[in-house]
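Welcome, and please take a moment to look over the sequence and the model below. The report after it starts with one residue and then widens to the whole chain.

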Amino acid sequence: MLLAIAEAEQGLGLTSPNPPVGAVIWDGKSTVLGKGWHQKAGDAHAEIEALSHARETFGDDRIRGSILFVTMEPCSTHGKTPPCVEAIIEAGISRVAIGCLDPNPAHAGAAVSILKNAGIEVATGICEEKAKQLIRFFARHITTGLPYVIAKSAVTLDGRTTLPEGEGRWISSEASREDVQSLRRQVDAVLIGGETMRVDNPSLTLRGPHSAGRELPPLRVVLTGHPEQLPESHRLFSDQFVDRTVIIKGNSLADALTDLGGRGVTSVLLESGGRLFTEGIFSDLIQEVVLYIAPLLGGASKRLMPDTEEELLARLEHVSVEKIGCDIKVSGILE
């Protein structure tokens with residue numbers, strides 16, 4: 001299953017609104033017969049890619065009686081492609097190991113029943129947490145209609161999100177900013193507030209190898225109560241990706257996420273200041289947090305979470321900590 005997960009990871013950021021899925025066919029002894037991953041919505045699913053690879057390499061006879069490992073329950077209905085369960089049954093697969101069930105309530109468990117009724121042995125929950133992590137964007141959107149939100153920020157050791165005047169705009173190191181590119185590559189949209197656009201004039205694009213394989217860069221979303229005050233000369237209105245800029249009028253992060261979810265956006269990277277970050281935390285709109293903590297003290301007045309009348313303890317679970325350049329990256333899930 002770990003091989004199938006590695007296959008699926010190749011599709012991160014490329015398959016929306018579908019989930020990234022990987023599949024491996026094993027002869028049950030010593031040979032991997034085929035591997036595959038879902039490369040684009042509308043294209044062949046991972047199971048079909050793995051079956052095609054196995055046929056080209058070993059032929060149909062070697063597939064019969066083999067074991068299929070797939071990170072998410074195979075599809076059981078006809079969409080843009082035929083149902084994968086039919087191809088699995090026709091290929092003579094004897095056992096199917098599944099990482100996690102389809103989170104779509106309309107489909108969850110359906111393929112398991114179909115495969116078992118066809119005489120195929122089925123096991124579920126194999127490396128389940130890793131498999132669920134792969135499809136967390138899809139799962140959030142298909143069950144709630146809302147996008148999965150990752151809130152990213154860079155802070156000083158004393159919790160400031162800006163530097164004193166004259167010290168430049170970058171708190172995090174160049175290595176951390178490069179790491180942010182890997183986050184942007186995975187999501188459907190990057191969301192900022194109007195003040196961030198006016199002050200920072202960001203591009204919010206994918207650079208270099210991070211754009212490889214993506215047909216379109218993420219949507220660049222600006223949430224603002226005063227769209228008329230956004231400078232028309234800024235990059236989001238004047239560069240080559242201007243058609244990927246979306247302005248949402250208002251001040252409510254909840255309303256903006258509802259709007260984006262309705263547009264089919266399954267994931268958002270929130271790169272805003274403290275106001276939207278704080279609203280997202282207090283309103284349970286953020287599922288994941290990534291902080292780049294720089295070895296700096298004495299930042300300017302703006303804090304990541306400004307003082308409020310309400311008190312809140314937001315605890316991260318499944319926390320990871322790593323050193324990137326001179327910064328410390330802390331990431332985790334908000335439970």
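D239 has a relative accessibility of 21%, so D239 counts as partly exposed (buried means under 20% relative accessible area, exposed over 50%, partly exposed in between, with a 1.4 Å probe and protein chains only). This is a predicted model, where local features need pLDDT of at least 70 and side-chain atom pairs count only at pLDDT 80 or more, while totals for chains, interfaces and linings use all residues. Residues are numbered from 1 along each chain as its sequence is written, and side-chain values use heavy atoms, with hydrogens and water left out.

The partner of D239 is R220, and the two form a salt bridge, that is, a side-chain nitrogen of Lys or Arg within 4 Å of a carboxyl oxygen of Asp or Glu. R220 sits in strand β8 (residues 219–224), and D239 lies 19 residues away in the loop between α10 (235–238) and β9 (245–249). R220 counts as buried because its relative accessibility is 1%.

The structure holds 15 salt bridges. Here are three of them, with the distance between N and O atoms:

| Positive partner | Negative partner | N to O distance |
|---|---|---|
| R220 | D239 | 2.7 Å |
| K152 | E271 | 3.4 Å |
| R275 | E279 | 4.0 Å |

K152 and E271 link distant parts of the chain, 119 residues apart: K152 is in strand β6 (residues 148–155), and E271 is in the loop between β10 (267–270) and α12 (274–282). Both K152 and E271 are buried.

R275 and E279, by contrast, share helix α12, where they are four residues apart, about one turn of the helix. R275 is partly exposed because its relative accessibility is 46%, whereas E279, at 18%, counts as buried. Salt bridges that share partners also join K152, R184 and E271 into one network.

Now for the whole chain. Its secondary structure comes to 12 helices and 13 strands, which are DSSP runs numbered from the N terminus (helices: H or I, at least four residues; strands: E, at least two). The radius of gyration is 22 Å, which agrees with the value near 20 Å for a compact globule of 335 residues; it is taken over C-alpha atoms, and the globule rule is 2.2 Å times the number of residues to the power 0.38. Along the principal axes, the C-alpha atoms fill a box of roughly 70 × 40 × 35 Å. Buried residues make up 48% of the 335 residues.
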